[in-house]
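Trainee: Could we go through this structure together? I should like to begin with the surface and then turn to individual residues.

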Amino acid sequence: MTQQQTAGGDVRLSGISKTYGSFTAVHPLDLTVPQGSFFALLGASGCGKTTTLRMIAGLEDATSGTVSLGDRDITRLPPHKRPVNTVFQSYALFPHLDITENVAFGLRRRGIKSVKKQVDDMLELVQLGDFARRKPHQLSGGQQQRVAVARALINHPQVLLLDEPLGALDLKLRRQMQLELKRIQTEVGITFVHVTHDQEEAMTMADTVAVMNGGRVEQLGAPADLYENPASTFVANFLGTSNLIEGEIVSAGADLVVAAVGGRLGLPGARCAAPATTGGKLLVGVRPEKMSLAHADDAGRIADGRNRIAGRIADSSFIGVSTQYVVTTPTGASLQVYEQNIERDTRLVPGAEVVLHWNPAHTFGLDAAQSVLAGTADEGEPAAAHAGPSTAKAEAGA
């Protein structure tokens, strides 16, 4: 199937919000989804991502603000008059219809009689051409999800909305479907807006990710930029795992030097998301896979200029591709280190004295006034308890 660039333009949300009585599900936000992009709304349950998607679809009325597609305001249009289709987690296929008729449903509903070629093309796109006459119950979960995508795409929407579409699949199938959906989006060339709570899913599939928290967009950007340069502790913790160490800035400039318990740590000034002034507090952040672990006996072999903190291994977990260590340190923080299993040092076991070291360029800085637990499963628990510083018709176009 040739790429089908549908005219329409960017999806623009301007001052869009949603309240239910005294509860604000989505605070006023401005968001632009570029035409032809794969855009992800990422966040935990209750963050407002699905409500935002439903306002684009017209399934929820916005309390304030507008939804535009290109230069067309669609805020007051009912769902069936918007050039938008939605794919839900539940698939919502019609069990009594075979795959061909499920995919053809939207076309037949609009009175289109000759549907065979369009249906065949769609089934070819989602690689289900050999399953045309099967019923939904005869397909796997991943195949059913692809039928749901085909049924939505056959209506030639300008925007395809995906609401947790892979949430019901097991891990291996979910990963396969991530690649499948990305392939389909690239081939048809239309705008995909994908809601998910799964960080890996968003980062694997999306060109741009909006991380939502408490009804607001916490940070927006390309997956790699969000991961490498989080703007808040919530983003640092929600996208993967971060080690956060509180310290005092002793030198501010193009490069920063921070005094932390156990030593001095350096980082590029450009990677600091907080105002950097000498004497101010800063959270120094580093991802576990950026760190290396040396036995204390080998500390003298660590290259000069690297950030380093001494500690003791509290726990280790072998997970095949890597070993994950938890190291207690004088900073009061338990730091995590992920080491690839290439040449394993048999001395690195719980109880061993070690030195953590890493390239200062792999370090980022965050405002120390934030909670170090924001975005973690432990958020909301007392800080003292932790080591550390202070539906079918909608899919078918009905």
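Mentor: Certainly. This is a predicted model. The accessible surface of the chain is about 17600 Å², and carbon and sulfur atoms account for 50% of that surface.

Trainee: And what share of the residues counts as buried?

Mentor: Of the 398 residues in the chain, 50% are buried.

Trainee: How many helices and strands are there?

Mentor: The chain has nine helices and 20 strands. Its C-alpha atoms occupy a box of roughly 80 × 45 × 35 Å along the principal axes.

Trainee: Next, Asn243. Where is it placed?

Mentor: Asn243 belongs to strand E11, which covers residues 243-251.

Trainee: Why does Asn243 count as buried?

Mentor: Asn243 counts as buried because its relative accessibility is 4%, and the cut-off for buried is under 20%.

Trainee: Which backbone oxygen lies 2.8 Å from a polar atom of its side chain?

Mentor: That of Gln336. Leaving aside neighbours within four places in sequence, the contacts of Asn243 include Ser334, Leu335 and Gln336, as well as Val284, Gly285 and Val286.

Trainee: Changing topic: where is Leu166 found, and is it buried or exposed?

Mentor: Leu166 sits in the loop between strand E7 (159-163) and helix H5 (171-188). Leu166 is buried, because its relative accessibility is 0%.

Trainee: Which residues is Leu166 in contact with?

Mentor: Beyond its neighbours within four places in sequence, Leu166 contacts Gln145, Arg174, Met177, Gln178, Leu181, Glu201 and Met205. In addition, the C-alpha atoms of Leu166 and Gln89 are 6.3 Å apart, although 77 residues separate the two along the chain.

Definitions and conventions
Residues are numbered from 1 along each chain as its sequence is written. This is a predicted model: local features need pLDDT of at least 70, side-chain atom pairs count only at pLDDT 80 or more; totals for chains, interfaces and linings use all residues. Side-chain values use heavy atoms; hydrogens and water are left out. Helices (H or I, at least four residues) and strands (E, at least two) are DSSP runs, numbered from the N terminus. Buried means under 20% relative accessible area, exposed over 50%, partly exposed in between (1.4 Å probe, protein chains only). Accessible areas come from the Shrake-Rupley method with a 1.4 Å probe; for residues, only the protein chains shown count as cover. A polar contact is a pair of N or O atoms within 3.5 Å; within protein, one must be able to donate a hydrogen and the other to accept it, and residues adjacent in sequence count only if both atoms are side-chain atoms. Contact means heavy atoms within 4.5 Å.
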